[in-house]
Amino acid sequence: MAKFVEACDLPGLSVGNEMLARFCADYGARLFVDIRYQHAGYILTGSGERLVFKGTSLPLNAFGPAQIAIDKEYTSQMLDSAGLCVPDGVLIHSEQEIATVRSRNPEAAEHMHTRRNAHSFAMDRGFPIFAKPNDQSQGTHVLCTTHAGELDEALTLLLNRYGAALVQKAMPGKDYRVIVLDGEVLAVIERRALSVVGDGQTPLQKLIAAHLDKATTRTGGKKIEASDPRIEKHLQAQGYALGSVPSTGEILSLLPSANLSTGGDCLDQTEKISPFISQIACKAAATLGLRYAGIDILCPDIAACEGPYCILEVNAAPGLTYFYRANPAHQARVETIYKRLTEAMLSPGRHPTIKQ
C-alpha cells in the first residue's frame with residue numbers, strides 16, 4: 001500500500017515536486033507525495049485544507065473541463081464552435097465498439113464512423129493523414145500515413161488497441177506549446193521532432209542508436225526505442241533507409257510528431273509570441289473552462305500578428321520536466337511558472353471566474 005510522506009523528507013524529488021514543495025512553504029503549506037513513485041499526493045494548507053493532485057494534474061482545473069481536454073474530438077468540436085481553427089478530422093470506431101453502443105443506444109450507433117469513413121475522408125482531403133488515439137498523451141501511437149494501405153494498417157493497430165481512432169488532415173507549420181494560466185501566457189515552447197544530424201560517414205542506424213542512448217527519462221529509462229517501427233517508416237517517407245549515410249550537417253527528423261516525451265528538442269520562444277497568438281491560446285483555454293493548460297498550436301511563426309494557425313490539442317496537465325532538463329536556460333522559466341501555479345492554488349481568492 002502506498003504511503004504519503006512529506007516531500008521535504010524524501011531525497012531525489014522530481015523537478016516539479018521539488019519546486020512545488022519549496023513554493024508551498026512560502027504560504028505555510030506542506031507537500032506530501034507517495035513514497036514509491038512521487039506521482040500522487042496532496043498539498044496541506046495552513047488552514048488544514050487538502051488539495052489533491054496526480055502527476056501534473058494540479059488542483060486548478062475542474063474535473064469536467066479536464067476530462068473534455070483528454071478527449072481530442074470533443075476538444076476540437078468545442079474550439080471549432082468558438083471560431084478557433086482546428087484540424088479537419090473524423091473519429092473512427094471499431095465494429096466491436098459500434099456493436100456495444102448499438103446494444104444500448106441504437107440511435108447513437110447510427111452516427112458512429114467506421115474505417116470506410118476514414119478512407120473516404122482521406123480520399124476527399126488528400127494525404128498525408130494522421131491517425132492517433134482519441135484520449136492518449138505524449139505522442140503515443142501518433143501515426144502519419146501517406147497512402148491508403150498505411151492508413152488501413154494504422155487503423156487496424158489503433159482500433160484493436162483503443163477501440164477508436166481520430167483521423168486528421170496533416171497541417172503545416174511549426175509546433176508550439178503555449179502555457180496559459182488564468183488568461184495569461186506564461187511560456188511558449190517551440191517543439192521540434194526527434195532528429196539526427198549527418199556526418200557524411202555514419203549510417204543512419206548508428207546515428208539513431210547513439211542519439212537515442214542519450215535521450216533518457218528522468219529515471220534513466222528510454223524515451224523511445226531505436227526499433228520503434230515509426231522511425232524506419234518516417235525515414236522511408238523522406239527517401240532514406242536505415243543504412244543510408246546522410247551528408248555532413250544534414251538534419252533528418254525521425255518521427256512525424258514533435259513531442260518532447262519521444263525525444264524531441266525544444267526552444268523557449270516566450271518573448272516572441274504576438275498578441276494575436278496569445279489571444280488565441282487564452283481563448284482556447286477559456287473555451288474549455290480551463291484555468292491552466294498547454295495549448296498546442298501549429299503556425300508558421302509565433303511572432304506573426306496575423307495569418308494561418310491551427311490548434312492541434314489542449315493539455316489540461318502540461319508537464320514541464322523535459323523542457324526544464326533540455327537546457328539550463330529554461331530552468332528559470334519553469335521556476336517562474338511553478339511559483340505562479342503555487343500562487344494560483346494557495347493565495348487568497350484563488351478561484352477566479354474564467355473569462356472568454
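The following exchange concerns helix α9 and strand β14 in a predicted model.

Colleague: Which residues of helix α9 are called buried, and why is that word used?
Modeller: In α9, residues 229-237, they are Arg230, Ile231, His234 and Leu235. The word is used because buried means under 20% relative accessible area.

Colleague: How do you know where these buried residues lie around the axis of α9?
Modeller: Viewed down the axis, the buried residues of α9 fall within an arc of 135°, so they line one face of the helix. In general, an α-helix has 3.6 residues a turn, so residues three or four places apart point the same way.

Colleague: What covers the buried residues of α9, and which exposed residues does the face turned away carry?
Modeller: The cover includes β7 (143-145), α8 (204-214) and β12 (251-253). The face turned away from the buried side carries Pro229, Gln236 and Ala237, which are exposed; that term requires over 50% relative accessible area.

Colleague: What makes strand β14 mostly covered?
Modeller: In β14, residues 292-299, 8 of 8 residues are buried. Tyr292, Gly294, Asp296 and Leu298 are buried on one side, and Ala293, Ile295, Ile297 and Cys299 are buried on the other. In general, the side chains of a regular strand alternate between the two faces of the sheet.

Colleague: Why is β14 said to pair with β9 and β15?
Modeller: Two strands pair if there are at least two bridges between them. Strand β9 (residues 174-181) and β14 share 8 bridges in the antiparallel sense, and 5 bridges join β14 to the antiparallel strand β15 (residues 310-315); both therefore meet the criterion of at least two bridges. As examples, Arg177 has Asp296 of β14 as its bridge partner, and Leu298 has Cys310 of β15.

Methods
Residues numbered from 1 in each chain as written. Predicted model: local features only at pLDDT ≥ 70, side-chain atom pairs only at ≥ 80, totals over all residues. Heavy atoms only, no water. Buried < 20%, exposed > 50% of the residue type's maximum accessible area, 1.4 Å probe, protein only. Helix = DSSP H or I, 4+ residues; strand = E, 2+ residues; numbered from the N terminus. Arc of directions from axis to C-beta. Contact = heavy atoms within 4.5 Å.
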